[in-house]
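Me: I have a structure open and would like to go through it by question and answer. Please keep the replies short and show the reasoning.

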Amino acid sequence: MTSPKFMRSIFLFILLFIRLNNVLPSQNSDEHDDTALNKQKSGNIAADFNYVAQKKDKNYSVVLSRLQLEEQCPSAVQCNKLGFPCISCTYNTSCVYGEKMKTTCKAEVDCIGEKEFEKELICRYCYQTEHWEHDCVLKADCDSVRSPTHYYRTNCTVRSDMLCLGRRTFLKRLPCNWTGGHRWSTALILSVTLGGFGADRFYLGHWQEGIGKLFSFGGLGVWTLIDVVLIAIHYLGPADGNIVAIMLNT
């Protein structure tokens, strides 16, 4: 026979076992909640740090842009005499192409007079400006002798005093007419003074003809006279065939 005391001990052991099983999951759940809360707090701290860092970077960029703008723009001038990027203007994009219009501009730097003023411009986009109203990046790695004429695309930017619609920097297709620095006036002077020794031909890159002129004393003067005329009328140019560039460098 099992004694009542032994049965009571077994019953207490079972109750203790059940009690422990209920407590352990609760502790694991609490630890899991604490871990999740800590992760959430860490995530919030990281997000706050990133926000502060981005805000500081943005403020730094604004200050840096401001300093660069002040370096580029003069301060002792009338506000309405400033150009880009020293001013910002609002445009009416529904204007009629080619007609004159007025726009309101605001000076972005310290200047003399009212910072808000009106300016007059022609209704057109920046890429529609004339070639003397914008500057382009010229390339010298194209083939200027190619027939038909070779074209290349490059970036062009309107001058600071020009007002126009759209982007101030745009792509433009230009003919390849580069030069190695030859000047028409220099070639003409060499042809008149030292043409008998082939100096003009050497200068323009025509080495074979230059040697011929040197050893024939300018073809006894006849060749020298012909080259003077050819250079004077812009017919004879650099060896790369770029006559237009020589004319532009006069």
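Reply: This is a predicted model. A place to begin is Phe217, which is found in helix α5, residues 217–220.

Me: Is Phe217 buried or exposed?
Reply: The cut-off for an exposed residue is a relative accessible area over 50%. Phe217 has 58% relative accessibility, so Phe217 counts as exposed.

Me: What is phi of Phe217 near?
Reply: Phe217 is a residue other than glycine, yet its phi is positive. The value is near 55°.

Me: Which helix holds Leu220, and what is the relative accessible area of Leu220?
Reply: Leu220 also has a positive phi, about 55°, although it is not a glycine. Its place is in helix α5. Leu220 is exposed, with a relative accessible area of 77%.

Me: Where does Asp200 lie, and in which helix?
Reply: Asp200 belongs to the run of residues 199–204. That run is helix α3.

Me: Why does Asp200 count as buried?
Reply: A residue is buried when its relative accessible area is under 20%. Asp200 counts as buried because its relative accessibility is 0%.

Me: With which residue does Asp200 form a salt bridge, the closest N and O atoms being 3.2 Å apart?
Reply: Leaving aside neighbours within four places in sequence, the contacts of Asp200 include Ala187, Leu190, Lys213 and Asp227. Both partners of the salt bridge are buried. Asp200 lies in helix α3 and its partner in helix α4 (residues 207–215), so the pair ties together parts that are 13 residues apart in sequence. The partner is Lys213.

Me: Which residues are linked with Asp200 in a network of salt bridges?
Reply: The salt bridge to Lys213 belongs to this network. Besides Asp200, the linked residues are Lys213, Arg201 and Asp227.

Me: How many salt bridges does the count come to?
Reply: The pairs include Lys115 with Asp110, where the closest N and O atoms are 3.5 Å apart. Lys115 is partly exposed, with a relative accessible area of 33%. The count comes to six salt bridges.

Me: Which residue does the side chain of Asp135 meet in a salt bridge?
Reply: Asp135 is in strand β4 (residues 134–136), and its partner is 24 residues apart from it, in the loop between β5 (151–158) and β6 (169–175). Asp135 is partly exposed at 45% relative accessible area, and the partner is partly exposed at 39%. The N to O distance is 3.5 Å, and the partner is Arg159.

Me: Which two residues touch the most other members of the largest nonpolar core?
Reply: In soluble globular proteins, nonpolar side chains tend to be buried together. The largest nonpolar core here has 19 residues, and the two that touch the most other members are Leu82 and Ile87.

Me: Which element gives the most to this core?
Reply: The elements that give two or more residues are β1 (87–90), β2 (100–107) and β3 (116–122). With three residues, the element that gives the most is β2.

Me: Which residues is Leu82 in contact with, leaving aside its neighbours within four places in sequence?
Reply: Contact here means heavy atoms within 4.5 Å. The residues are Pro74, Val77, Ile87, Ala107, Val109, Cys111 and Lys119.

Me: Which residue does a cis peptide bond join to Phe84?
Reply: Omega of this bond is about 5°. The residue joined to Phe84 lies in the loop between α1 (4–72) and β1. The residue is Pro85.

How values were computed. Residues numbered from 1 in each chain as written. Predicted model: local features only at pLDDT ≥ 70, side-chain atom pairs only at ≥ 80, totals over all residues. Heavy atoms only, no water. Core = buried A, V, L, I, M, F, W, Y, C linked by side-chain atoms within 4.5 Å. Buried < 20%, exposed > 50% of the residue type's maximum accessible area, 1.4 Å probe, protein only. Helix = DSSP H or I, 4+ residues; strand = E, 2+ residues; numbered from the N terminus. Salt bridge = Lys/Arg side-chain N within 4 Å of Asp/Glu carboxyl O.
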